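Student: Before we look at the contacts between the chains, I would like to work through some backbone details and then the packing. Could you take me through them one at a time?

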Amino acid sequence: MAGQVDALFWFMFSVSALICLGVFGAMLVFVVRYQRRPGNEVAQRLGPTTRLELSWTLIPLGLALVPFVWGAKLYLDMARPPDDALEIYIVAKQWMWKAQHPEGQSEIDELHIPVGRPVKLTMISQDVIHSFYVPEFRIKADLLPDRYTTTWFEATRPGEYHLFCAEYCGTGHSRMTGRVIALGPAEYAAWLQGGPTLSPADQGRRLFQQLGCAACHETGLAPNLQGLFGQPVTLTTGQTVTADETYIRESILDPGAKIVAGYQPIMPSFAGRVNDEQLLQLIAYIKSIGPQPGGQPSGGPPPPGPALTPLPTPAATGGQAP
Amino acid sequence: MAERRTTLSGRSAVPTAPGLGGHVAAERPPALAEHFETLEQQHGVNALGMLVFLGSELMFFGMLFTVYTAYRLRYPEAFAMGSRHLDLALGGINTAVLIISTLMMALAEHSALRGERRWLPRYLALAILLGLLFLGIKGLEYYHHAQEQLLPGFAFSFSGPAAEQVQLFFLLYYAMTGLHAVHLTAGIGVACVMLALAWRGGLLGAEHWPLEMLGLYWNFVDIIWLFLFPLLYLVGRP
Amino acid sequence: MSATTLPAPASYATVSYGLRSWLLTTDHKRIAILYMISITVLFVIGGLAATLMRVELLTPGGRLMDDATYNKLFSVHGIIMVFFFLIPSIPTVLGNFLVPLMIGARDLAFPRLNLASWYIFMLGAAFMLWAIFTGGIDTGWTFYTPFSTSSSTTKVVPALLGIFISGFSSILTGLNFIVTIHRMRAPGLTWFRLPLFLWSLYATSVILVLATPVLGMTLVLVALERVLHVGIFDPALGGDPLLFQHMFWFYSHPAVYVMILPGMGVTSELIAAFTHRQVFGYRFVALASVAIAVLGFLVWGHHMFVAGMSVHAALIFSILSYLVAIPSAIKVFNWTASLHRGAISLDTPLLYALGFVGLFTIGGLTGLFLAALAIDVHVTDTYFVIAHFHYIMVGGMVMAYLGGLHYWWPKITGRLYPEIWGKLAALTVFLGFNLTFFPQYIMGYLGMPRRYHVYPAEFQVFHVLSTAGASILAVGYLLPLVYFLLSLWHGQQATANPWGATGLEWQTSSPPPPHNFVDKPVVTSEPYNYPTREPAHG
């Protein structure tokens, strides 16, 4: 795609250069040749001009259609990402980029992508208008605060590429830069597994927001999860269970299994929508807002968690089997 | 370079001639400004000037109309709700008031043309009074809105969903009717000046010209209201 | 009647003395001088901002100033240059001076309104300068929301007020020109006998009258939103940021034609005068001005191709943008053809006119690049766009303004400027300009974004070249400032028609008397009726 944009550019450059050579050349020749001097004190009469003028009206008009159609076709291609594109979310705020991979990885001011695979970015801004610009990919799209915008590209070579914010957004605009890092498929898969990422609890927090959990769990429609982890929970059946990892995992995948007393069975199931890694992240998050030694829910950065205990099989917990 | 080339084309291609409409002072009517040739030219200039001015005024209002329309299409329920909080009765009365005032202005022009020295100031005064009545009623409406806490940015409270968009409706309502009221006030001011002139016997016959300019302007202010009223007051009313 | 056979009438400039006679004048020529002084001062301020920016951009890191200061500088540069220099300059200086002269009238249609326009302009400039010097403005001249309504902490409202007020000055000037050209032409001066400068000013005035109000109300709404926190353009409050962009560019695109059309008109005058023959294809050139004005209202969306507009809208704006380029292309070809078989005097004004044609061609062609949707996606918001519009505005309009000043200087002041210095300055401007802005095309295509205070080191070489060019350009601008001033006292006295040009303005003394003409002119011939000889064959 970038190559095609360049092809159009060089075409226009060539035509423009020819026009410039023609016009400037003619100007130079005329100015030299028709200087006012003895023998050329008076200008020569102009003949009829209409035919010439019509030709240099209509020919440029026709010529102009070429870059229009060509540019439009490429633009339409840019507006239609392939169906199998890898979807990555971008959130911009003054003055940083946040990328969220579907596999759970998230990054700040960097975007790792696989080579040879179309990548579609779904983007939104948290404050003012920004613009996601990767010059070497020849793509650019504004990020608006109230709606998602999209762009897509496919890296053809591994490497690191400049990422710039291209819509003035305030003091730190020129520092809102980053890198797009294209990796070969194997390296990309490896990167997804490990490498520097945010802590699972932070990722879980993000997921918690992204999956819409807060819409119920922070508004009173569903149990408040602050200070919940590890505490006893009374169910509608009268039973009491402990809110541990298993309980939480089950509540996400099969919410109807256990309903907390005093609440309606309205939570949708997230089975199929979250993988285990994400479940772990959500659990890590809920742990991080669990009861703290001082008795208050944590409001600061999540404490470095101990290694997660292996999950007991569902049959080992109390409660009804589904 | 000591001397520029002399005019090779010989004499200028534009032979000057003794002027038309020569400068004998006694021939120039006192109303004729010194940079014009004839009264007819002066009148033509003033009329065209007023029309061009009204063209630019149209674009001022047009911009607000466009923004209003864009948001009305985007938030139809909220705008309908806002519109229902406008006083249709007062708005309707005001529409009639303005139309009649335009009629008075037209009658004033008519009397001026026919040299009717007594009627001209009367019609002018009526037009002014009706204009002031319009402003008064508008002020009353604004006062009611203020009492209902419908002043965007200052004191706005609206219970119900889409309060933000209702506030936007009211901001645009104030902007559009406010701009209109400012224009009407300016027109009233000029009309008062004309009234003073008419009282002393001016603006009659051949001198009615300024009044005709005011008439054009007054008509414009009326026409703008005739678009404002349905756009703002008649949204979502069956 | 040659001015040397009659005692010269008192000139407009010396018929009365004292500050009051200037500040309360209704003489269009004096008002033009008042504007000339004002916009020169404003140009210097805008130019100082650019100088500081270019010095800062010599190095990739921010050495001389912090981010916030840089952002204020580019905003000041843009606002002052666009609203307080480019839009007024040729119309209020050359237009005010020449329109009545060129049509054989004694003044504009509304002389007092003309004076009021200047005071309104000064009031707007005062607000703007106050905003700048008491903290500055950092939104860019484009005031995009929601940054300008909800995020910027600078003096946005006073700046908006300054622009809003000065907008009325534009509207009134445009109104004055339209009415004057319609109704006050000398007997025999039909539309197709008008000098091309007047055609271009007429088209400009139509845009001024119709487009400026839209900007005015848009800025009012931005100010209201900022003060009242009601969502008009801020999505956090329920508003639509794209609506702002549409409304803003609906004015600001035609505004660029306001800036360039008068320059095109001047160029036509200069080419006719210095080839000593009418312009090739007078009617096409005249009507092309009108076409540019009309089509210019239809293309504003091409500033928003990556902004989130629908694809269909983008396609329409793209094809229309190609359409609006055609009348400009016609003019360029016509001007070039005007040189063919002429009798050309390479005086300073013609140097500027030729520079205009060349640089406008390059700038205009790069506009075609931008109209191509896929290319625009890559280069919008980069230095490519900056180079594009500076080629047109500085390489085009400012050169036309300088060319016009040199051409009509004898008429305005009764003095001749020193020709050698004129040529030297023109050459300096041309070279300095190209060195400043051509590298910007390259670094723009390579990805250098605009409005960047710090940048990756790989772009430094282009920035260094650009700054070097800017220093040469500055010299080129300072030279006329100096020799024009000096010519007022030491310049050779000018005759009524030192260039031997056609046009009613040259049929009266230099400088003209207060009421322009001793006897009212009557026009009986076509415009630019220079004598010609039969084409020599071969």
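Student: In which loop of chain C is the place of Arg341(C), and is Arg341(C) buried or exposed?
Tutor: This is a predicted model, and in it Arg341(C) sits in the loop between H11 and H12 of chain C. Arg341(C) has a positive phi of about 60° although it is not a glycine. A residue counts as buried when 20 or more other C-beta atoms lie within 10 Å of its own, and Arg341(C) has 23 such neighbours. The loop is therefore the one between H11 and H12, and Arg341(C) counts as buried.

Student: What is the burial class of His229(C), which has a positive phi?
Tutor: His229(C), which lies in the loop between helix H8 (196–228) and H9 of chain C, is not a glycine, yet its phi is near 55°. Around His229(C) there are 15 other C-beta atoms within 10 Å. Since the buried class begins at 20 and the exposed class ends at 12, His229(C) is partly exposed.

Student: Which residue follows Thr145(C) across a cis peptide bond, and which follows Ser510(C) in that way?
Tutor: The bond that starts at Thr145(C) is cis, with omega near -5°, and it leads into the loop between helix H5 (111–133) and H6 of chain C. The bond that starts at Ser510(C) is also cis, with omega about -5°, and its second residue is found in the loop between helix H16 (460–490) and S1 of chain C. The residues asked for are Pro146(C) and Pro511(C).

Student: Which element of chain C gives the most to the side that touches chain A?
Tutor: The contact brings together 75 residues of chain C and 67 residues of chain A. Several elements of chain C give two or more residues to this side, including helix H3 (67–86), helix H9 (241–275), helix H11 (311–339) and helix H12 (348–371). By class, this side of chain C has 47 nonpolar, 21 polar and seven charged residues. The element that gives the most, with 15 residues, is H11(C).

Student: In what sense do strand S1 of chain A and S1(C) pair, and what is the bridge partner of Ala43(A)?
Tutor: Strand S1 of chain A covers residues 43–44, while strand S1 of chain C covers 532–533 and is among the elements on the side of chain C that touches chain A. The two strands are joined over two bridges, and their sense is parallel. The bridge partner of Ala43(A) in S1(C) is Thr532(C).

Student: Which helix of chain B gives the largest share of the side that touches chain C?
Tutor: This contact takes 39 residues from chain B and 52 residues from chain C. On the chain B side, the elements that give two or more residues are helix H1 (39–74) and helix H5 (163–199). The side of chain B divides into 21 nonpolar, 15 polar and three charged residues. Its largest share, 15 residues, comes from H1(B).

Student: Why are H3(B) and H4(B) described as roughly antiparallel, and what is the handedness of their crossing?
Tutor: The axes of helix H3 (residues 88–113) and helix H4 (residues 119–147) of chain B come within 8 Å and cross at roughly 165°. Because angles over 145 degrees count as roughly antiparallel, H3(B) is roughly antiparallel to H4(B). The contact between them has 21 nonpolar, four polar and two charged residues. The crossing of H3(B) and H4(B) is left-handed.

Student: How many of the five residues of S7(A) are buried, and which strands pair with S7(A)?
Tutor: On one side of S7(A) are His130(A), Phe132(A) and Val134(A), on the other are Ser131(A) and Tyr133(A), and all are buried. S7(A) pairs in the antiparallel sense over five bridges with strand S8 (residues 139–143) of chain A, where His130(A) has Leu143(A) as its bridge partner. S7(A) also pairs in the antiparallel sense over two bridges with strand S10 (residues 159–165) of chain A, where Phe132(A) stands opposite Cys165(A). The count of buried residues is five of five, and the pairing strands are S8(A) and S10(A).

Key:
Residues are numbered from 1 along each chain as its sequence is written. Chains are lettered from A and ligands numbered from 1 in the order in which they are written. This is a predicted model: local features need pLDDT of at least 70, side-chain atom pairs count only at pLDDT 80 or more; totals for chains, interfaces and linings use all residues. Two residues are in contact if their C-beta atoms, placed from the backbone, lie within 7 Å. Helices (H or I, at least four residues) and strands (E, at least two) are DSSP runs, numbered from the N terminus. Ala, Val, Leu, Ile, Met, Phe, Trp, Tyr, Cys and Pro count as nonpolar, Asp, Glu, Lys and Arg as charged, and the others, Gly among them, as polar. Two strands pair if DSSP finds at least two bridges between them. Axes are lines fitted to C-alpha atoms, for helices over the stretch in contact, and angles run from 0 to 180 degrees between N-to-C directions. Angles under 35 degrees count as roughly parallel, over 145 as roughly antiparallel, 65 to 115 as roughly perpendicular and the rest as oblique. A crossing is left-handed if the near helix is turned anticlockwise from the far one by less than a right angle, and right-handed if clockwise.
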